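These are my notebook entries on one structure. I looked up strand pairing, cysteines and aromatic contacts in turn.

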Amino acid sequence: MAIARQVLCLSAFLSLPHARSEPIRYSLAEEADSGSLVGNLAQDAGLTPAQLSARRARLVSEDGRQHFRLDRATGRLVVADRLDREELCGQSGACMLPFELLLANPLQVFRVKVALEDINDHSPIFPEERVTFEIPEKTDPGSRFPLEVARDLDIGSNSIQAYHVIPKNAYFTVSFDSQSENNKNVELVLEKPLDREEQADIDFSVIAVDGGSPPRSGTTQVHIVVLDVNDNAPVFTQKIYVGQVLENAPEGSVVLRVVANDRDVGINGDISYQFSHTIGQTNSAFSIDNRSGEIRLKKPLDFEAEDTHELSVRARDGGGLSAICKVLVEVLDVNDNAPELVVSSFSSPLPENSPPRTVVALFSIRDRDAGANGKISCALEDQLFFSLKPAYDKYYELVTASALDREETAQYILTVTAADAGSPPLTTTQTFTVDISDVNDNAPVFNQTSYTMYVRENNVPTVLVGAVSAADADVGLNAKVTYSLSPIEATEQPSCSCISVNSENGHVFVLKPLDYEKMRQTEVVVSASDGGSPPLRANVTVRLVVVDENDNAPVVLYPAQDSSPTSSELVPMASEAGYLITKVVAVDADSGQNSWLSYHLLRATDPGLFAVGAQSGEVSLRRPVTDRDTVKQKLIVLVRDNGQPPLSATAALSALLLKDFSDMRQPHSSSATEDEGGSLTTYLIISLVFVSLLFLISTVAFIVHKVCRRKELKGGHMLYGADNLPSSLTDAAAAGTLPHGYCYEISLTTGSGNSEFKFLKPILPSLPPQHCDMGGVTNDEQVFPCGPVTTEDVTPDNAGTVSAEQFNHFAFN
């Protein structure tokens, strides 16, 4: 029969859609020995024994008592200790032992109910071993005399089924009404009138027999004393009295009053009341007034311990006749028990990347009160990230409601409040402290979007130029930041290998001396990585700017200092003060104020005759030329930059004071002067021929240039070059104070007989150094290739004349 029930329960369990919605049921006879098999719980739950061990299966009961034991190795459910149904369930018709099978990782709960079946292990017991009845001899046949019923702790068919009189006699039989569940009466029935003179005393036994197999029985001795006269027994006004009392009623409170009447008078009608001593009433919480029949409280009641009290009250008259009634006292519940919250499972700390609806805690709630006093509502106080979810029966799950962020909140203190519906309601609070564990979900963040660091050229090796700093919002190893140089992609310009970064503190070092003239600035990418797995990283660009130092002296471009002999500038004797003789052109490879050049007259044959522009380098007459002045003048110009300390260079030049060009052929005091004049005449003749030819070529080139330029403009771009400049001159112009190309115009005027060398504005001042094409000019003007000079040096106000020797120098060299 037990195996059939288990198979039936297993079939019903497998047919359910969810194991948690319907409990697994077993049945077991009481008094089973420890270790007795109840059933294969793992198989009935759809699990394997390996899963029971892996998921840490355990049994949890509401009252904390473990009646059963789970064998994880086999999945079998066995009896832990001997089970006594009467001790566990009393007289209850059904004895269910509920508990839960709790699994972790993931959390899962199976409800299990074991029905404890009764066996016939108790015999009927009468309250008294001997009962005496005093019956008047005039009692009519058919009279009934109530007998205290026997108590059998077993239930159902194992309870009392019949009463018998032994030995049988002609006067009495026993009547047993088994139809009423709450009012089973045993009465002795008088079959024929008594005759005290014939038999004054009658003794026999009453046997109570239960329905067990084999049956058990209990016996009480009955002694009948036949009395004379008193032929009316007391009669209660009700067979059953029902009273109600609050469980918090004070001692001495009147519960109810029983009343019995006797038609006799005198002592035979004098009634007294007392409790009939039945099983379980020896320590009764009630007392009765033997004269008035009032039943009062003798000690406090507890609804949760016992909600109904059953009493038997006997009314006895003075003649010995009595009657018994049943009194049921119902204890009314008072809201005196706060809800109880029992935590079955709690997970903390919780990873911050836990998905929503992750179970944090599983707990059950209960209230020992009844009705509205035991109806519980459960709430979570003011939380956006967590919520309560009913699981089943009286279980609740505390789950996450949304994504968590440890960097925003590292700990949550959750308060769950359980309140009953009593008046006033009672509440219980449970606090859950949930720590959020860190996950590497934040990359390092630099405190700047980019860094610019400065280092002076010619620095010492391994000089500290700055530091980068990044912070990580995570904690622990996930927040430990290390720094490194990131490799630059092949398509990008290769970075300087002279930069290093400290992996621990982000300090940036320059490993070797730098030269501003070779490298103005460079960029590297610094990467910050955290210690997470996998690590997160961030990049930042670090630009290293090389600060110039005054380590380059000025370089004189004109007049060239390597020519031998030095060319002379031609100065007409009729020149007035301010007449521009020539211009000293110099550059400095440094930048900024280190490249700002100033010009000073260091030494001259006649210092009072000449003046040098401090900013422009123009050499001009301070006063008019006189006949007393030496024809050949020598000058040394000092070119100095603005660095600290300043660096300088000198330019040597000479000037010839002539009345006109014919003076160049006049004999001088020395043969060297004559040779110089002859050479000058030869140069002038060649120059005139060259200018004539160049004029024709220039006219053709001008036309071609205009045509080509129009085509270039239509094509959307223009080409410029500096191919006709010396490479050293072009580099100096690009790095120093001459960033643009300039054209020089030589004008030979026939009226004066002297040659003039003019510096014009740059053809394209806003463009990089470029080649100036030859264009058409009129009369005796020619445009020659560009030379690098500063913008301030080339203005219409700076135009001046040059000697024929200077002209030849520019034209042919």
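I count a residue as buried when its relative accessible area is under 20%, as exposed when the value is over 50%, and as partly exposed in between. The model I am working from is a predicted one.

Entry 1, an aromatic pair. I applied the first term to Tyr412, which counts as buried because its relative accessibility is 6%. Phe385 has a relative accessible area of 23%, so I entered this residue as partly exposed. I then looked up the ring geometry of Phe385 and Tyr412: the centres are 5.6 Å apart and the planes stand at 55°, so I recorded the pair as tilted. Phe385 lies in the loop between strand E27 (376-380) and strand E28 (386-390), while Tyr412 belongs to strand E30 (residues 411-420). The two residues are 27 residues apart, and the pair links distant parts of the chain.

Entry 2, further rings. I looked up Tyr392 and Tyr395 next, and found an aromatic pair that is stacked, with 4.9 Å from centre to centre and 20° between the planes. Both Tyr392 and Tyr395 are buried. The count of aromatic pairs comes to 16. I also noted a cluster in which ring pairs link Phe133, Phe145, Phe172 and Phe204. For a charge over a ring, I recorded Lys192, which lies over the face of Tyr171 at 4.7 Å from the ring centre.

Entry 3, strand E12. Which strands pair with E12? I found that strand E9 (residues 144-147) pairs with E12 in the antiparallel sense over four bridges. Strand E11 (residues 172-176) is joined to E12 by five bridges, and these two strands also run antiparallel. On the E9 side, Arg144 stands opposite Val189 in E12. On the E11 side, Phe172 has Leu190 of E12 as its bridge partner; Phe172 is also one of the residues in the phenylalanine cluster of the previous entry. I then checked burial along strand E12 (residues 186-190): four of its five residues are buried, so the strand is largely enclosed by the rest of the structure.

Entry 4, a sheet of three strands. I looked up an open sheet and recorded its order as E34-E38-E37, with antiparallel pairing. Why is one side of E34 and of E37 left without a neighbour in the sheet? Strand E34 (463-467) and strand E37 (499-501) stand at the edges and have a single partner strand each, so each has one side without a neighbour there. Neighbouring strands of this sheet are turned by 30° against each other on average, direction ignored. Four bridges join E34 to strand E38 (residues 507-510), and among the bridge partners I noted Gly466 with Val508 in E38.

Entry 5, cysteines. How many disulfides does a search of the whole structure find? The search returned one disulfide. This disulfide joins Cys89 to Cys95, with an S to S distance of 1.9 Å. I recorded 60° about the S-S bond, and the link of Cys89 and Cys95 is right-handed. Cys95 has a relative accessible area of 4%, so I entered this residue as buried. I looked up two further cysteines for burial. Cys325 counts as buried because its relative accessibility is 2%. Cys378, with a relative accessible area of 17%, is buried as well, since the cut-off for that term is under 20%.

Terms used: Residues are numbered from 1 along each chain as its sequence is written. This is a predicted model: local features need pLDDT of at least 70, side-chain atom pairs count only at pLDDT 80 or more; totals for chains, interfaces and linings use all residues. Side-chain values use heavy atoms; hydrogens and water are left out. Two strands pair if DSSP finds at least two bridges between them. Axes are lines fitted to C-alpha atoms, for helices over the stretch in contact, and angles run from 0 to 180 degrees between N-to-C directions. A disulfide is a pair of cysteine sulfur atoms within 2.5 Å. Buried means under 20% relative accessible area, exposed over 50%, partly exposed in between (1.4 Å probe, protein chains only). Rings of Phe, Tyr and Trp (its six-membered ring) pair if their centres lie within 6.5 Å; planes under 30 degrees apart count as stacked, over 60 as edge-to-face and the rest as tilted. A charge sits over a ring if NZ of Lys or CZ of Arg is within 6 Å of the ring centre and within 35 degrees of the ring normal.
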